[in-house]
Amino acid sequence: MKTKLSIIFILLCQIIYAQNKGYYITNNGEKHTCIIKGYFLNDKSEAFKYSTPNNPEEFSIFNISKIKEFGIKNKFKFKRFDVKVEFIDNSISNLENTLKTNLKHKTLYLKQIVEGEINIFSCTKKSRTILFISKGENTPEQLYYKIFAVGKKDKSKAYGTIEHFCRYKHQLNYYANNDEFMYNRTKRLRYSQNDIVKLVTKYNRYKNQSGWSEKNLWPQWLYFNIETGLSKSKLYLENMNYANTNPYDLSLSLGIECSFKSLKNLNLIANLTYRDMCFDYYFINKNIKYPLYVIYRGLDLNIGGRYYHKLSKKSKIFIEFTIQTMHAGTIEKTNNVFDSLQDYIEDSSQNKTYNKNVYGQLLLDNAIGVGIGYIFNDTYYCKVKYNYFNENLMLEHDRFSMQNIEFSLGIRL
C-alpha cells in the first residue's frame, strides 16, 4: 500500500511541476524554444523555470532584464512591461482613512489572461493579485480599485464610513469606447478577476475580436480537488473470537477528486482516497482476552453526486452521497493464538509469535458515504462525512465492517 501511496504522490508532483515545451523572446527579438517547468495555471512568474536544449537538466529562473516574453502556446504567456503600479491592501482591518494613490514605476512580468479587442493582464506578488488593461500593443495600465474608511481614528480598528473608489469601471467603459454592451454590465460589476475576465471575454466576442481567455484553458465543467481529512473510526470483526473495541487513534486520509458539472447545482464526483488506521483489539480464547492491534490500509474509489445550495455570492453549502466502486486494501493483525494466558505472557516476553503479522486482502462488498460541507469562492471547502464499509476478508474467511466520521479540508485546483 505504501507503493500505491507513493504513486499518488508522484502523480500529484507531475501535475504541479509539469514540464512543457515553450518559448522565450530576448530583448533583441530572438525567439528560442525551451522546456518550461511549473504548473501552468500559476500566476507568479517566479514559479516558472526553464531549461535550454543545450542544458536540459539545468533549470533557471527567467531574467526580467534579458527576456521580455515567455510562455507556452495556447496555455499562457508572460510579457514584460514598464508600468505604474500599486499593490493595494483592501483588507478591512488595514484600511486607510483617506483615499491615497501611490502608483510607482516598476518593471514587471504581467500574465496575459484575456487577449482580443481589450487585453487583460494580472500580476501576483505576496498573495495580492492586481489586474491591468490595455488595447492593442499599448502599455497596460492598472485597473484601479480601493476601499477606505472615512472617519476612522484608530488604525488598529476598522470603523467609519466605507468608501469605494471604483475607477476600474470607468476604465473598462473608456477602453470599450463607452459601448452600451459594456456600460450596462459594469453597473453591478465587482472587482473580481473571474467577473472581469468573463465580462471582457464576452465583450471581445461581441466585437468578434476575441483571441483567447485563461478560462478556456481549464474546462468550466471540470474540477480537480485535493483534500485531506481527519477521521475517527470504529471497526467490527465479525468473529466470535474477537471482542469489540474503541478506536485506537485518530487517522488521516488523503484524496484526489474529479468533479463534473452536470446540472446547474449538481456535480458528479469521483474520488480516490487513501486511509491508514490502527485499532486496539482483543482476541478471546477460553474466556481469556489477549490484546492485539489491527491495522487497516485501503485505497477507495468512490463515485456519487454533490448538490450545491447558494448562501451568498461567494459561499455555498452542499450535500454529497457516494458509493464505493473499487477497493484495494489490506488488514494486518498480530498472530497471537495461545492455549493459556501463561503461554501468551511467555511468548510476548520472548518476542516471538506475538509480533508476527498476518495479512488479509480485502474484497469489495458494500461501502457508502453521506456528507455535508461548505465551500467559499468555489475554491476552498470543508466537509463532514459519514462512511460505512462492509468488506469480505479473504484470509480466514472473516468479515469486517467499519464506520467513520471524517472531517476534511479541500482545495480546487
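**Exercise 1.** What is the accessible surface of the protein, and what share of the surface belongs to carbon and sulfur atoms?

*Solution.* Keep in mind that you are working with a predicted model. Start with the total: the accessible surface comes to about 23000 Å². Then split it by atom type, and carbon and sulfur account for 53% of that area. For the residues themselves, 41% of the 413 in the protein count as buried, where buried means under 20% relative accessible area.

**Exercise 2.** Describe the overall make-up of the fold, then its contacts.

*Solution.* Begin by counting elements: the protein has 5 helices and 22 strands. Next, take the contacts between residues at least 6 apart in sequence; 60% of these join residues at least 24 apart.

**Exercise 3.** Find out which residues of helix 2 are buried, and what they pack against.

*Solution.* Helix 2 covers residues 167–175. Going along it, you should pick out Tyr168, Lys169, Gln171, Leu172, Asn173 and Tyr175 as buried. Now look for their packing partners: two are strands, namely strand 9 (128–134) and strand 10 (141–142), and the others are helix 3 (180–186) and helix 4 (193–206). Finally, step just past the end of helix 2, where Asn177 has a positive phi of about 55 degrees.

**Exercise 4.** Is strand 11 mostly covered or uncovered, and which strand pairs with it?

*Solution.* Strand 11 spans residues 146–150, and 4 of its 5 residues are buried, so it is mostly covered. For the pairing, follow the 5 bridges to strand 12 (residues 161–165); the two strands run antiparallel. As a check on one bridge, Ile147 is partnered with His164 of strand 12.

Technical notes. Residues numbered from 1 in each chain as written. Predicted model: local features only at pLDDT ≥ 70, side-chain atom pairs only at ≥ 80, totals over all residues. Heavy atoms only, no water. Helix = DSSP H or I, 4+ residues; strand = E, 2+ residues; numbered from the N terminus. Buried < 20%, exposed > 50% of the residue type's maximum accessible area, 1.4 Å probe, protein only. Contact = heavy atoms within 4.5 Å. Areas by Shrake-Rupley, 256 points an atom, 1.4 Å probe, with all protein chains shown as cover. Pairing = 2+ DSSP bridges.
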